[in-house]
Amino acid sequence: MLAAAELTKSFGGFQALAGCSLEIAPQTITGIIGPNGAGKSTLFNVLGGLLAPESGDVLFEGRSILGLRADERARIGLVRTFQISRELGELTVLENMLLASRQQDGEAVWRTFFTPAHVRAQERAAIAKARALLEQVALWSHANEPAKNLSGGQKKLLEISRALMLEPKIILLDEPTSGVSPAMTEALGKAILQLRDRGVTFAIIEHDMDVIARLCAPIYVLAGGRTLIRGSFREVASNEEVMKAYLGKAA
Ligand code: ADP
Ligand code: MG
């Protein structure tokens, strides 16, 4: 579904991606792990269209999408989630959802102030869609509260729900469980597995090895801006090079 081919990206003199390649098969929850600074978030930024690589390619369903902006990639089904920023935190949970779909439609926010009937109908459809998604993750009862009032875990569920407004084929999640309580981590894991079973593909950067073990197959280990190995959790966890990559960073 999605492939990185020999991607390179430098910041100043530092090579964050050094020929990084990986492949994400449809309907998998592919895990991406690696020490701090391995290039994981940079990889997602390049895959999502927020950063241009210096060389290499990004393929979506077999076609290069390097020429597409982030919003254009979202429109064809590739979505990277973002933390609920301070500005978005002031908006209600429902407004966050509606904003996600409106941006998707390429519609300026001001247009809703001059609503012709068809825009209102679109809006009603978007609200119905938002409600269905929020009910699935027990957030509908919070629909009219500012997003900033949600717990860390609820915010992550909202981030994923926002992405789902765009009906993506694949969602890229960067450390979805960071700052999330154990109970909400459990709920988040269940939501991701259910979505996968309904056909959504995931790539997840995660440092919580329990989450990785429970959700992800296969797993890629990144180190020094490239893929070290790909394998099952068991294969990755017992690999000596992987141990070295982590210990090398910790030392
Ligand atoms: P990871 O997510 O695996 O921890 P990152 O992809 O965030 O790693 O970062 C890889 C390296 O690139 C780090 O050394 C980081 O400091 C550097 N880096 C990432 N983004 C930028 C940027 N926008 N400007 C300068 N350096 C960056
Ligand atoms: Mg990161």
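**Close-up views of a predicted model**

**View 1. Ser-141, an exposed loop residue.** With a relative accessible area of 64%, Ser-141 counts as exposed, because the cut-off for that word is over 50%. Do keep in mind that the model shown here and in the other views is predicted. Ser-141 sits in the loop that links helix H5 (117-136) to helix H6 (152-164). Looking back along the chain, Arg-131 is 10 residues away, and the C-alpha atoms of Ser-141 and Arg-131 are 9.7 Å apart.

**View 2. Arg-73, a buried arginine without a salt bridge.** Arg-73 belongs to helix H2 (residues 70-75). Glu-72 has the nearest side chain of opposite charge, and it is 6.9 Å away from Arg-73. What the side chain of Arg-73 does reach is the backbone oxygen of Leu-47, at 2.9 Å. Leaving aside residues up to four places away in sequence, Arg-73 also touches a set of residues including Val-46, Gly-48, Gly-49, Val-58, Ile-65 and Leu-78.

**View 3. The surroundings of ligand 1.** Here you can find the residues around ligand 1, among them Phe-11, Phe-14, Pro-35, Asn-36 and Gly-37. Three residues place polar atoms by oxygen atoms of the ligand: Ala-38 through a backbone N or O atom at 3.2 Å, Lys-40 through a polar side-chain atom at 2.8 Å, and Thr-42 through a polar side-chain atom at 2.6 Å. On its own, ligand 1 exposes 560 Å², of which the protein buries 56%. Strand E2 (14-24) and helix H1 (40-48) are the elements that each give two or more residues to the shell, and H1 provides the largest share, three residues.

Methods
Residues numbered from 1 in each chain as written. Chains lettered and ligands numbered in written order. Predicted model: local features only at pLDDT ≥ 70, side-chain atom pairs only at ≥ 80, totals over all residues. Heavy atoms only, no water. Helix = DSSP H or I, 4+ residues; strand = E, 2+ residues; numbered from the N terminus. Buried < 20%, exposed > 50% of the residue type's maximum accessible area, 1.4 Å probe, protein only. Lys, Arg positive; Asp, Glu negative; His and termini not counted. Salt bridge = Lys/Arg side-chain N within 4 Å of Asp/Glu carboxyl O. Polar contact = N/O pair within 3.5 Å; in protein donor to acceptor, adjacent residues only side chain to side chain. Contact = heavy atoms within 4.5 Å. Near = heavy atom within 4 Å. Areas by Shrake-Rupley, 256 points an atom, 1.4 Å probe, with all protein chains shown as cover.
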